[in-house]
Amino acid sequence: MFDFSAMQQAIELLSSSFSPWLVVVPGILIGLIFGAVPGLQISMAMAIFLPVTMSMSFLQSMLFLTAVFTGGSFGSGVTAILMNIPGSSSAIATTFDGHPMALQGRHNQALGIALGASSFGVSLGYILLFFLIQPMSIAVLNFGPAEMFMVVLWGLTMIASLQGDHMIKGLISGLVGILVGTIGFNDLGVLRGTMGINLLMDGVPVVPAMMGMFAASELFNLLGKKYMVESDEDRKVDISGIIDGFRTAFRYPVILIRGALIGLTVGAVPGVGSSVSNILSYIETKRRDKDPQSFGTGNPKGVVASEAANSSSEAGSMATLLALGIPGGGATAVMFAAFSMHNITGGPQFIREEIDIVYAIIFANFAQVFLLIILGLAFLPVLVSIVKVPIKILVPSVLCLAVFGAFGLTGNMAGPVTLLVFSILGWLLKRYGYSIAAMVVGILLGKMAESELLHSYQISGGEMGYLLERPVAMTILFLLLFSLFGKKLKGAIFGKIRWTLRW
Amino acid sequence: MLFLKVKRINVGVLGDLLVVFGLIIFSVWYLIDAYIVSNTIENLLLILPVGIIVLVLGFVIIWRILKILGENQCVAISKLKGIDSESGNNGCTTIYGMCLFVCFVFSLEFIGFDLAGAIFIGLYLRLLGERRIGVLVLYPLGFILPTTYFFTLMLPYPFETFLPFKQ
């Protein structure tokens, strides 16, 4: 199973020279900055700095790009917690409990938890990748449209659990989100719902819409306050609070492990990745918790679940890239380009012939986790200072930054206009009790759901029996149903047994 | 007094009703638009069932609002769950803030991101009660110039600016 001589070579590659490590610290810092600035994506950072890797060796370029990836995964959670703006779609679920924690003056703890969960997620993800890279690459090949649709369907069940105060309003906002998500060309080349606006041909830009809905609804509601956190005492930037939060993450080992496993598995599925894994992990944690009502009001477990999953997705997407040569998302697509620049093709042959490089990348990522913790602890106090900024300064500055970032995402006015439209919509929906989070999940998964459903329909010729022939899809469906009704089923069975025993 | 109460309740309920109607109208329009473009099963596979559920749920919400209103108008506002009464901010400030935001977004292409951003931040500060001229002028410039410079450096496509930043 393991090639020990390759492992030895990998360690030699990493320890014989200091030069591969020189790029790791700048890589993590670039990732942190791009992740933490709303609108700047991790994939964008990697693409911008890709030409720099031309002058590097293949191993060095991989270390640099994975460092950007690692830093960015954590960075996107920072804005999600402090400003309610997820730096990327992988941090959506972090906003649900992270931002309420910040509003309660527990920002130090929330960021510490995010750092702890992210570090654990990356570590466990790469440990599992080390053991499972070959079997995982085979398993991923069994994922067709039906299986992908089941995974997306699982994500869509999140809508029901994000209902907020009013179930019907939660459901309707999630379903309208799905409709909005399908605007533009579908996979058949049919154009719908664009109102003749050419900028909508590719669909509604998801991240600007998400930024508008989350940020504006929150920012406009903050206008009556002087500071984001009202109490002077709670506004303190406290490194001990961050460290305490870091430790708190490890008080929930089950949530951490479950999140990391979900992240690794879903992250390995091309096209799904971390944007779905954080949501799935959050749903499962909420569903299994004794007090599901406390989620969404600042429950640390919500932050742990989301951050552990989105961080371990990195290892999952690396598995498909290394073992199959398939980039699972934007960030791994850039890495794929780096492969080409060094005349290397990922896939089974690469794993067989260059296993020492694969091991070196995995080992280097363990070290990156420690660097992430050090850099995270050094920079978080600076980032946390945002709670000390008066609202009258914070609101226009963040709105301005969000507009610039939205333009950066699309490269045209579609981004800022989408942000504006969804800001107003988000404010209205929040004011009248509709779930913004459910709508965002709907927008995010709508296109994906339609695409996978359509492919399954085309392959099966409309026969539902096709699903029964797909064991992986059936397993996911079973897991989905079990996660939805397992608790009730268990309660009913045990209740009946107890009732029978009493008689 | 009763007239005033009823009037206040109706404004809240009107907003709620308008949002539901907005969602229903969007869904109906989208369904019709999708149907006109192509009425194949493939095109409507997801949209049609989702759209129909939205319509049903929308009418359930409307029915509930009307039912609660019919029971007792004075308690209607508290029963209509979720109407955000906690934010506590001045509604006018929010509306003016949104208007400023709309003007800001639509002026970007014409006067550049830097100038539009500086004017937007300055006016927003004024709206939120800032009176010191130094802050009203210096903060927007101090924030927007490095931000614009950073974005012009980082973005791989043209970024309209008033000042000639080197891209």
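# Working through a predicted two-chain model

Of the 194 residues in the largest nonpolar core, the ones touching the most other members are A:Val68, A:Met213, A:Val304, A:Ala402 and A:Val440. Keep in mind that this is a predicted model. Now for some exercises.

**Exercise 1. Find out which helix gives the most to this core, and where the core lies relative to domain 1 and domain 2 of chain B.**

Start with the helix: α5 of chain A, residues 58–83, gives the most to the core, with 14 residues. Next, look at chain B. Domain 1 (2–79) and domain 2 (91–154) of chain B both give residues to the core, so the core lies between them.

Then zoom in on one of the well-connected members, A:Met213. Skip its neighbours within four places in sequence, and A:Met213 is in contact with A:Phe422, A:Leu425, A:Gly426, A:Ile436, A:Met439 and A:Val440. A:Val440 is also on the list of members that touch the most others.

**Exercise 2. Work out how compact chain A is for its 503 residues.**

First, take stock of the elements: chain A has 23 helices and two strands. The globule rule gives 23 Å for 503 residues, and the radius of gyration of chain A is 22 Å, close to that value, so chain A is as compact as a globular protein of that length. Along the principal axes, its C-alpha trace spans about 65 × 60 × 60 Å.

Now the inside: 59% of the 503 residues of chain A count as buried. And the contacts? Among those in chain A between residues at least 6 apart in sequence, 80% join residues at least 24 apart.

**Exercise 3. Run the same checks on chain B: which elements does it have, and how much of it is buried?**

Chain B has seven helices and zero strands, so to speak a plain α-α-α-α-α-α-α when read along the sequence. Buried residues make up 25% of its 167 residues. For contacts with a separation of 6 or more, 55% in chain B come from residues 24 or more positions apart.

**Exercise 4. Check the length of helix α3 (residues 24–36) of chain A, then see what its buried residues pack against.**

At 1.5 Å a residue, the 13 residues of α3(A) should span 18 Å, and the end C-alpha atoms are 18 Å apart, which agrees. Its buried residues include A:Val24, A:Ile28, A:Leu32 and A:Phe34. The buried residues of α3(A) pack against α2 (19–22), α4 (42–48), α5 and α18 (355–384) of chain A.

**Exercise 5. Is A:Gly121 buried or exposed, and what does it touch?**

Place it first: A:Gly121 lies in helix α7 (residues 107–141) of chain A. Count next: 37 other C-beta atoms lie within 10 Å. The cut-off for buried is 20 or more, so A:Gly121 is buried.

Leaving out residues up to four places away in sequence, A:Gly121 touches A:Gly259, A:Ala260, A:Gly263, A:Glu307, A:Ala308, A:Ala309, A:Ser311 and A:Ser312. A:Glu314 is 193 residues from A:Gly121 in sequence, yet the two are 9.0 Å apart in space, C-alpha to C-alpha.

**Exercise 6. Describe the side of chain A that touches chain B: which element gives the largest share, and what classes of residue are there?**

The contact takes 52 residues from chain A and 57 residues from chain B. On the chain A side, α19(A) supplies the largest share, 11 residues. By class, that side has 33 nonpolar, 12 polar and seven charged residues.

Conventions:
Residues numbered from 1 in each chain as written. Chains lettered and ligands numbered in written order. Predicted model: local features only at pLDDT ≥ 70, side-chain atom pairs only at ≥ 80, totals over all residues. Contact = placed C-beta atoms within 7 Å. Helix = DSSP H or I, 4+ residues; strand = E, 2+ residues; numbered from the N terminus. Nonpolar A, V, L, I, M, F, W, Y, C, P; charged D, E, K, R; others polar. Rg over C-alpha atoms; globule rule 2.2 N^0.38 Å. Buried ≥ 20, exposed ≤ 12 C-beta atoms within 10 Å, placed from the backbone. Core = buried A, V, L, I, M, F, W, Y, C linked by C-beta atoms within 7 Å. Domains from an automatic or database assignment. Expected span 1.5 Å × (residues − 1).
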